[in-house]
Amino acid sequence: MNKTGVALAADSKVTIGYGNNIKTFDTVNKLFTLSKVHPIGIMIWGNAEFMGYPWETIIKEYRASKGARSEPTVKRWATSFISFFKDFVDLNDDAIGENAYSILESYLDDFKDDVMRDARQKKIPLSSEEFTNLLEASLRKKIDNLAARQTIIPKRSTTALLKKYGKIILAAIREVFPSSKSNRKLSNLLQKLSLHIFEKDVFSPRASGFVVAGYGNKEMFPALVQFETDGYVGRTLKITDGKSASISRQFTAAIIPFAQKEMVQRFMNGVDPNYTIATLTLFGQAMVDNCLEVLEKYGRKDKNTKKIRESISNATFKSVQNSAKNLSKFGKKAFSDPICQMVSLLPKDELPHLAESLVALRVRLETLVDV
């Protein structure tokens with residue numbers, strides 16, 4: 001985006017379906033207009049269906065119902081569209097149960113892949129008791145992490161969901177973790193994790209994302225707002241509040257990635273975000289180990305206590321965190337700021353070329369990795 005306009009670009013790969021009927025296609029349109037007469041568009045990613053209805057169909061129906069009417073801001077356009085598709089679906093018990101199964105089964109499947117990858121790296125046999133211990137420890141850690149996240153589905157909704165669709169939820173758990181049928185401790189942990197998956201601000205691999213971008217009739221500069229949704233959890237729509245960005249006289253340009261963001265972040269920041277995290281983690285641990293080794297070899301024995309060792313570890317990690325913040329500031333100043341400055345000067349007809357190039361760059365890298 002810059003002061004002259006906003007360009008949306010996407011590849012044509014998309015997932016369609018929910019429940020047990022999932023397919024991936026490479027020739028699907030993700031870009032649509034929300035109005036025939038006003039400069040407002042929408043882009044989708046992730047699942048191309050919402051509760052069994054194609055987003056393309058929902059968007060066409062919304063566009064027809066909206067007619068020539070406009071909204072003052074892009075945010076109001078997004079609110080109007082959400083209100084429309086909330087009432088569009090036929091919300092019966094079968095659809096709610098199937099969606100609950102889809103959310104849980106896909107999330108747990110990804111979690112299991114992560115645990116198995118960790119086990120292979122540690123050379124732990126998958127059929128061993130050691131693997132079961134690793135799985136239970138990973139579950140407790142994931143539960144603690146999710147417990148700290150924001151709750152976006154009311155407790156009463158998830159309680160009603162578990163009460164009414166308990167058999168379906170248990171079936172999803174046992175589909176991914178068959179051993180939970182005979183392991184009560186594992187089953188209880190998985191059911192606790194399931195509750196967090198439904199009520200916290202985390203989304204399954206089969207979630208849909210969409211961004212509404214363009215101009216409201218009272219906006220002089222372009223804006224956008226993005227959402228992610230897992231569909232209905234019980235009778236409540238699970239959807240993010242909506243992150244927004246808008247161009248102004250002071251904020252003159254933006255490049256914003258959605259879905260798979262790593263390639264654009266590499267381009268913008270000069271380094272892959274995962275590489276940065278890994279580097280800082282390894283560096284931080286090396287610093288802690290080095291400090292504790294110095295204490296062990298050269299420190300006074302009365303100072304080599306558990307409390308002092310913890311203080312050294314905490315101080316070292318805090319120093320690494322400060323270094324990470326400074327590194328982020330350097331990356332912004334050295335890489336992303338000059339790129340945004342260049343984007344702010346681009347004419348309107350050049351914006352789509354840049355957006356297309358960034359998408360093509362990610363697709364080509366993905367192809368090379370697959371090969």
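Two rings of Phe, Tyr or Trp, the last represented by its six-membered ring, are taken to pair if their centres lie within 6.5 Å; planes under 30 degrees apart count as stacked, those over 60 as edge-to-face and the rest as tilted. In the predicted model described here, this rule gives a count of 16 aromatic pairs. One of them joins Trp55 and Phe81, whose ring centres are 6.1 Å apart and whose planes stand at 40°, so the pair is tilted. This pair links distant parts of the chain, since Trp55 belongs to helix α1 (residues 55-66) and Phe81 to helix α2 (residues 74-88), with the two positions 26 residues apart in the numbering. Trp55 and Phe81 are both buried.

Phe81 also pairs with Phe85 in an edge-to-face arrangement, with 5.2 Å from centre to centre and 65° between the planes. Here both partners lie in helix α2, 4 residues apart, which is about one turn of the helix. Phe85, like Phe81, is buried. Trp55, Phe81 and Phe85 are among the members of a cluster linked by ring pairs, which also includes Phe50, Tyr53, Tyr62, Phe84, Phe88, Phe210, Phe227 and Tyr232.

Lys86, another residue of helix α2, has contacts and spacings that involve members of this cluster. With a relative accessibility of 38%, Lys86 counts as partly exposed. Leaving aside residues up to four places away in sequence, Lys86 touches Tyr232 and Leu237. The C-alpha atoms of Lys86 and Phe50 are separated by 9.9 Å, although the two positions lie 36 residues apart in the numbering.

Lysine side chains are also placed over aromatic rings. Lys66 lies over the face of Trp77, at 5.4 Å from the ring centre. In a further case, Lys112 lies over the face of Phe177, and the distance to the ring centre is 5.7 Å.

The protein as a whole contains 11 helices and 10 strands. Its C-alpha trace spans about 80 × 55 × 40 Å along the principal axes. Of its 371 residues, 40% count as buried. Among contacts between residues at least 6 apart in sequence, 69% join residues at least 24 apart.

Two helix crossings were examined. Helix α3 (residues 93-121) and helix α4 (residues 129-147) have axes that come within 10 Å and cross at roughly 130°. This angle makes α3 oblique to α4. The crossing of the two helices is right-handed. On the α3 side, the contact involves Tyr107, Phe111, Val115, Met116, Asp118 and Ala119. These residues meet Phe131, Leu134, Leu135, Ser138, Leu139, Lys142 and Leu146 of α4.

In the second case, the axes of helix α9 (residues 273-298) and α10 come within 9 Å and cross at roughly 145°. The crossing of α9 and α10 is likewise right-handed. The contact is made on the α9 side by Thr276, Leu280, Phe283, Gly284, Gln285, Met287, Val288, Cys291, Leu292, Leu295 and Glu296. The α10 side contributes Ile308, Arg309, Ile312, Ser313, Thr316, Phe317, Val320, Ala324 and Leu327.

Thr316 offers a view of this contact from a single residue. Thr316 is found in helix α10, which covers residues 306-344. Its relative accessibility is 7%, and Thr316 therefore counts as buried. Apart from residues up to four places away in sequence, Thr316 touches Gly284, Met287, Val288 and Cys291, and these four residues are listed on the α9 side of the contact.

Backbone geometry was considered at two loop positions. Most residues other than glycine have a negative phi. Met51, which is not a glycine, has a positive phi of about 55°. Met51 lies in the loop between β5 (49-50) and β6 (53-54). With 8% relative accessibility, Met51 counts as buried. Lys123 likewise has a positive phi, near 60°, and is a residue other than glycine. Lys123 is located in the loop between α3 and α4. In contrast to the buried Met51, Lys123 counts as exposed, at 74% relative accessibility.

Technical notes: Residues numbered from 1 in each chain as written. Predicted model: local features only at pLDDT ≥ 70, side-chain atom pairs only at ≥ 80, totals over all residues. Heavy atoms only, no water. Buried < 20%, exposed > 50% of the residue type's maximum accessible area, 1.4 Å probe, protein only. Lys NZ or Arg CZ within 6 Å of the ring centre and 35° of its normal. Axes fitted to C-alpha atoms, helices over the stretch in contact; angles between N-to-C directions. Parallel < 35°, antiparallel > 145°, perpendicular 65-115°, else oblique. Left-handed = near helix turned anticlockwise from the far one by under 90°. Contact = heavy atoms within 4.5 Å.
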